[in-house]
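Biologist: Take a close look at one part of this model for me, please: the aromatic side chains and the elements around them.

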Amino acid sequence: GVPGSSGSEFDGAMEMFHGIVDGLAAAKDEFFHRRKIEKLVAEKFSGKPRLVEPGRRLVFEGPLDKVSRNRTHRYFFHLFNDLLTYSEQSISTGRFSLHRKIDLHLCEVADNASEPNGFEIKSAEKSFQVLAADEAAKAKWIAEIGGCIAALRKQKGLSQESTATVAATWESDHNATACKYCKRTFTTFL
């Protein structure tokens, strides 16, 4: 031990030292992730959207085709640990123009069995279907989004089962044969 001190004083000092080291490691990690997002916004986005927040981490990114009523549209998605964004990418500059931010706190992700590479992203503000390039990409996106949602719910002390009210999901006109809610079959007038 240290001359003139008891073992418990030394143990207390070592515990304090380890706490300081852990705090410095956490601050370094926070700085690293903050700079990564700042660089992403500065180099890749038009209009400099506000994406930097304390504790936010970029988890996954890539293109997905978003299904709308009468077409699919390619967007580039950025998944953060608490937020999902999708953006249009300029053909001429390659820069992203933010289309929407979706808070993951009250979000759900679900497989869409009717589309081989499709899954649904559901939230109170917006729900939609997306198509991944293949089954592996679909599985990766579902796992990553689901993992972020589960971690947020655990952090907030919420149930892992969502109780959020979500917006209805658009289904492509060419796939819809009946109302998703009342099940009445659509008819055509000539």
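**Rings and their surroundings**

Modeller: Read from start to end, the protein chain runs α-β-β-β-β-β-β-β-α, giving two helices and seven strands. Helices here are DSSP runs of H or I with at least four residues, strands are runs of E with at least two, and both are numbered from the N terminus. Bear in mind that it's a predicted model, with local features needing pLDDT of at least 70 and side-chain atom pairs counting only at pLDDT 80 or more, while totals for chains, interfaces and linings use all residues. Residues are numbered from 1 along each chain as its sequence is written, and side-chain values use heavy atoms, with hydrogens and water left out.

On to the rings. Searching the whole structure turns up eight aromatic pairs. A pair here means rings of Phe, Tyr or Trp (the six-membered ring for Trp) with centres within 6.5 Å; planes under 30 degrees apart count as stacked, over 60 as edge-to-face, and the rest as tilted. One of the eight is Phe60 with Trp141, edge-to-face at 4.6 Å centre to centre and 70 degrees between the planes. That pair reaches across distant parts of the chain, 81 residues apart: Phe60 is in strand β1 (residues 58-67) and Trp141 in helix α2 (residues 135-156). Trp141 is buried at a relative accessible area of 3%; buried means under 20%, exposed over 50%, and partly exposed in between, using a 1.4 Å probe and protein chains only.

Tyr75 and Tyr86 make another edge-to-face pair, 4.9 Å centre to centre with 75 degrees between the planes. Tyr75 belongs to strand β2 (residues 72-80) and Tyr86 to strand β3 (residues 83-89), so this pair ties together parts 11 residues apart in sequence. Both tyrosines are tucked away: Tyr75 counts as buried at 8% relative accessibility, and Tyr86 is buried at 0%.

Now put the two pairs together: Phe60, Tyr75, Phe77, Tyr86, Phe128 and Trp141 form one aromatic cluster. Phe128 has company from a charge as well, with Lys66 over its face at 5.3 Å from the ring centre. The cut-offs for that are NZ of Lys or CZ of Arg within 6 Å of the ring centre and within 35 degrees of the ring normal. Arg56 does something similar, placing its charged end over the ring of Phe80, 5.9 Å from the centre.

Next, the strands by Phe128. Strand β7 (residues 127-131) pairs with β6 in the antiparallel sense over five bridges; pairing takes at least two DSSP bridges between the strands. Lys122 stands opposite Ser127 in β7, and three residues sit between β6 and β7 in their hairpin. β6 (residues 118-123) is mostly covered, with five of its six residues buried. β6 also pairs antiparallel with β5 (residues 107-111) over five bridges, where Asp111 has Phe119 as its bridge partner. Here the hairpin connection is six residues.

Finally, helix α1 (residues 7-44), with 38 residues. The expected span is 1.5 Å times one less than the number of residues, so α1 should cover 56 Å, and its end C-alpha atoms, 55 Å apart, agree with that. Its buried residues include His33, Ile37, Leu40 and Val41. An α-helix has 3.6 residues a turn, so residues three or four places apart point the same way. The buried residues of α1 pack against β1 and β2, the strands holding Phe60 and Tyr75.

Notes
Contact = heavy atoms within 4.5 Å.
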